[in-house]
Amino acid sequence: MLKNNATVNQQRGGRGWLLALALGLLACMVMGLVLVWSNIERMDTTYFINIAQNELRERRALRAKLEVERERLLSPYELRRRAEEFGMREPKPGQVRRMEIH
């Protein structure tokens with residue numbers, strides 16, 4: 001009877017060990033998949049951040065160019081040159097009156 005109990009306990013222990021091993025392997029596989037997935041997500045995020053930073057850099061450069069062009073177009077010399085180009089002349093005395101709006 002003791003021999004039978006010992007054999008049964010050994011079989012249960014053997015199954016328990018196999019079950020623990022299987023669960024350990026499954027946990028390692030899940031952890032590996034999580035690690036791979038997180039690395040893929042990190043690479044995707046880094047890629048999109050780089051795209052956004054490049055676009056922001058391009059927009060800032062374009063804005064700086066537009067600001068320079070705006071300043072050039074609003075300069076008194078450029079305004080005078082364009083006015084002459086369109087045949088405009090300075091007003092003669094008396095042609096311009098001051099208006100007050102109430």
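## Salt bridges and the network they form

A salt bridge is a side-chain nitrogen of Lys or Arg lying within 4 Å of a carboxyl oxygen of Asp or Glu. In this predicted model, Glu69, Arg72, Glu78, Arg81, Arg82 and Glu85 are linked in a network of such salt bridges. A search of the whole structure finds nine salt bridges, and several of them are described one by one further below.

## Overall architecture

The protein is built with two helices and zero strands. Helix α1 covers residues 2-73, while helix α2 covers residues 76-85. Of the 102 residues of the protein, 1% count as buried, and the accessible surface of the protein comes to about 10500 Å². Carbon and sulfur atoms account for 63% of that accessible surface.

## Glu78, a buried residue in helix α2

Glu78, which has its place in helix α2, deserves a careful look, and a student may begin by asking whether Glu78 is buried or exposed. Glu78 counts as buried because its relative accessible area is 9%, and the cut-off for being buried is under 20%.

Which residues is Glu78 in contact with, once its neighbours within four places in sequence are left aside? They are Arg72 and Leu73, and with Arg72 there is also a polar contact of 3.5 Å between the two side chains. Glu78 has a further partner in Arg82, since the side chains of Glu78 and Arg82 meet in a salt bridge with an N to O distance of 3.0 Å. Both of these residues lie in helix α2, four residues apart, which is about one turn of the helix. While Glu78 is buried, Arg82 counts as partly exposed, because its relative accessibility is 35%. Glu78, Arg72 and Arg82 are also among the members of the salt-bridge network.

## Two further salt bridges

In helix α1, Glu67 and Arg70 lie three residues apart, about one turn of the helix, and their side chains meet in a salt bridge of 3.0 Å, N to O. Glu67 counts as partly exposed because its relative accessibility is 38%, and Arg70 likewise counts as partly exposed, with a relative accessibility of 42%.

Another salt bridge joins Arg80 and Glu90, whose closest N and O atoms are 3.0 Å apart. This pair links distant parts of the chain, for Arg80 is in helix α2 whereas Glu90 is in the segment after α2, and the two are ten residues apart. Is Glu90 buried or exposed? Glu90 is exposed, because its relative accessible area is 59%, and a residue counts as exposed when this value is over 50%.

## A nonpolar patch on the surface

The surface also carries nonpolar side chains, since Leu19, Leu23, Leu26, Val30 and Val34 form a nonpolar patch there. Together, these five residues have about 460 Å² of accessible area.

One of them, Leu26, is found in helix α1. Leu26 is partly exposed, because its relative accessible area is 47%, a value that lies between the limits of 20% for buried and 50% for exposed residues.

## The aromatic pair

How many aromatic pairs does a search of the whole structure find? The search finds one aromatic pair, formed by Tyr47 and Phe48. The two rings are 5.4 Å apart, centre to centre, and the angle between their planes is 70°. The arrangement counts as edge-to-face because planes over 60 degrees apart are placed in that class. Both Tyr47 and Phe48 are exposed.

Technical notes
Residues numbered from 1 in each chain as written. Predicted model: local features only at pLDDT ≥ 70, side-chain atom pairs only at ≥ 80, totals over all residues. Heavy atoms only, no water. Buried < 20%, exposed > 50% of the residue type's maximum accessible area, 1.4 Å probe, protein only. Areas by Shrake-Rupley, 256 points an atom, 1.4 Å probe, with all protein chains shown as cover. Phe/Tyr/Trp six-rings, centres within 6.5 Å; stacked < 30°, edge-to-face > 60°. Polar contact = N/O pair within 3.5 Å; in protein donor to acceptor, adjacent residues only side chain to side chain. Contact = heavy atoms within 4.5 Å. Patch = residues over 30% accessible without salt bridge, like charges linked within 9 Å, V, L, I, M, F, W, Y side chains within 5 Å.
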